[in-house]
Amino acid sequence: MKLSALDLFSIGIGPSSSHTVGPMRAARLFIEELRGQEVLERTRRVRAELFGSLGATGRGHGSDQAVVLGLTGEDPETVDTATAGQAFRAVLEEGKLNLAGSRRIGFNSAEDLILHRRKALPYHPNGMAFTAFDDGGIPVLERTFYSVGGGFVVDESAAGADRISADRTSVPYPFSTAAELLEQCARTGKPVSGIMLANELSWRTESELRRELLRIWVVMQECVANGCDSEGVLPGGLRVRRRAPQLFKELTEADAAADPLRAMGWVNLFALAVNEENAAGGRIVTAPTNGAAGIVPAVLHYYVKFVPGADDDGVIRFLLTAAAIGILFKENASISGAEVGCQGEVGSACSMAAGALCEVLGGSPQQVEKAAEMGIEHNLGLTCDPVGGLVQVPCIERNAIASIKAINSARLALSGDCGHIVSLDQAIRTMRDTGADMKSKYKETSRGGLAVNVPVNVTEC
């Protein structure tokens, strides 16, 4: 294990971790290197080029806006989501960019922000190239970055090793597969969350970890609340109407005893609220991606609302367990829709939520592993085909469906002797292989599936 739970769960901006959060971080890394190389003051022009999936669906995913804001020094965790769009439009209209937040340079979006719709860079579908020029038009710095899913960004030197963290911190209970994780649990008698907790203490104190995880939970709750309060139509041209406010009204006013599926309605609400906020460019917890950001919060809200005895300790155990499972996907396959399709986003999140819920409901490590396996097994082959290049259709509903699937996976894993034929490691390996076999048109390019069979007027993808 080389990743922390706080790497998997990070606070950012919608609508996409790989297409919005990653590009903003990459642009920020570029200006930080301009400073480090002491060429920031010599820079008179910056050109950003987006390739592969970023070029194909970047406008619908807000990649262009993210890059520009990143070049001004904005960070996904702290950027003002209410004014981000306005700030981006001002740069385009004025033709001026406040580079690194310290110096204004000319910016021609037609020449300095290029989305290559059918060109790709090696190593990963989400490639970006940044070039800084001096007043003579001579390049002073050129860098290539890849947004590899979940907001993670690597430069060209790390290509091929993008599934693991460069952090070499020694942890007491290392694991890189589910089998190794179960061995650590068996040897120590610790639950999955206990193994993760012990490893997390290699980076920070328990009180610091607790504070940060509960902060993540607070942001998840705020996201749901914002989604329930915000009415209207989502941006982007599809005219998708927000459903969370009406559903919230129906659930709060309905006779609880009269609806045997009331809990399911609340889970749907939690997921829809989060992903509608994500589609609107709101504040989101990447879990482990933005396109699948509603699943872990929805199932965690289900635990808190419907499970007797749920408390903050349970919330922390839930998030730690989910992170342990997410690490397995990140290290052994991918959480990038552009690399393996939506099975890598929604499938991974469903698996994480299923295993986490299983643990806080009293499941053994073996049952947690089984729940997580079912969560991904029944999402294998899921394509990423956003209509209009927007993280809306089918993405929003898909989170609600997967949240219910995660709860059912946990329940099934808790019944019986937990004997099963397919292991989590085998399912993750299958997901990776399936993604490799999947045609690129089904991997976040909007050139296949629903994206071409649903007629829309949106042409920016």
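Here are some notes to help you find your way around this structure, which is a predicted model.

1. **The open sheet.** A good place to start is the sheet made of five strands, which is open and runs in the order 5-2-6-7-8 with mixed pairing. Its edges are strand 5 (113–115) and strand 8 (153–155), each of which pairs on one side only. On average, neighbouring strands in this sheet are turned by 20° against each other, direction ignored.

2. **Strands 2 and 5.** Look next at how one edge strand is attached. Strand 2 (residues 45–51) pairs with strand 5 in the parallel sense, over three bridges. If you want one residue to click on, try A48, whose bridge partner in strand 5 is L113. As background, strands of a sheet pair through backbone hydrogen bonds, either parallel or antiparallel.

3. **Helices across the sheet.** Two helices are worth picking out here. Helix 2 (residues 17–36) lies across strand 2, strand 6 (126–133), strand 7 (139–147) and strand 8, and it runs at about 150° to strand 7. Helix 4 (residues 63–71) lies across strand 2, strand 5 and strand 6, running at about 145° to strand 2. Strand 2 and strand 6 therefore turn up in the list for helix 2 and again in the list for helix 4.

4. **The two ends of helix 2.** Have a look at what happens on either side of this helix. P15 sits in the loop between strand 1 (10–13) and helix 2, and the peptide bond joining G14 and P15 is cis, with omega about 10°. At the start of helix 2, a side-chain oxygen of S16 comes to within 3.4 Å of the backbone nitrogen of S18. Just after the helix, E38 takes a positive phi of about 60°.

5. **Aromatic rings.** How many aromatic pairs does the structure hold? There are six aromatic pairs. One of them is W266 with F270, a tilted pair at 5.8 Å centre to centre and 35° between the planes. Both residues lie in helix 11 (residues 262–279), four residues apart, which is about one turn of the helix. Both W266 and F270 are buried. Elsewhere, ring pairs link F30, F130 and F145 into a cluster.

6. **A lysine over two rings.** W266 has a further neighbour to look at: K305 lies over the face of its ring, at 4.2 Å from the ring centre. K305 also lies over the face of F306, at 5.9 Å from that ring centre.

7. **A349 and the cis bond by P288.** A349 is in helix 15 (residues 346–360). It has 0% relative accessibility, so A349 counts as buried. Leaving out residues up to four places away in sequence, A349 touches A287, P288, A292, I295 and V296. Two of these contacts, A287 and P288, are joined by a peptide bond that is itself cis, with omega near -5°. P288 belongs to the loop between strand 9 (283–286) and helix 12 (295–306). For one more distance, the C-alpha atoms of A349 and I335 are separated by 8.9 Å, with the two residues 14 apart along the chain.

8. **S409.** Is S409 buried or exposed? S409 counts as buried because its relative accessibility is 4%, and the cut-off for buried is under 20%. This serine lies in helix 17 (residues 395–414). Setting aside neighbours within four places in sequence, S409 is in contact with A354, A371, M374 and G375.

9. **Two loop residues with positive phi.** A100 and Y123 are worth a check of the backbone. A100 has phi near 60°, a positive value in a residue other than glycine, and lies in the loop between strand 3 (96–99) and strand 4 (103–106). With a relative accessible area of 10%, A100 is buried. Y123 has phi near 85°, again positive in a residue other than glycine, and is placed in the loop between strand 5 and strand 6. Y123 is exposed, because its relative accessible area is 55%, and the cut-off for exposed is over 50%.

Methods
Residues are numbered from 1 along each chain as its sequence is written. This is a predicted model: local features need pLDDT of at least 70, side-chain atom pairs count only at pLDDT 80 or more; totals for chains, interfaces and linings use all residues. Side-chain values use heavy atoms; hydrogens and water are left out. Rings of Phe, Tyr and Trp (its six-membered ring) pair if their centres lie within 6.5 Å; planes under 30 degrees apart count as stacked, over 60 as edge-to-face and the rest as tilted. Buried means under 20% relative accessible area, exposed over 50%, partly exposed in between (1.4 Å probe, protein chains only). A charge sits over a ring if NZ of Lys or CZ of Arg is within 6 Å of the ring centre and within 35 degrees of the ring normal. Contact means heavy atoms within 4.5 Å. Two strands pair if DSSP finds at least two bridges between them. Axes are lines fitted to C-alpha atoms, for helices over the stretch in contact, and angles run from 0 to 180 degrees between N-to-C directions. A polar contact is a pair of N or O atoms within 3.5 Å; within protein, one must be able to donate a hydrogen and the other to accept it, and residues adjacent in sequence count only if both atoms are side-chain atoms.
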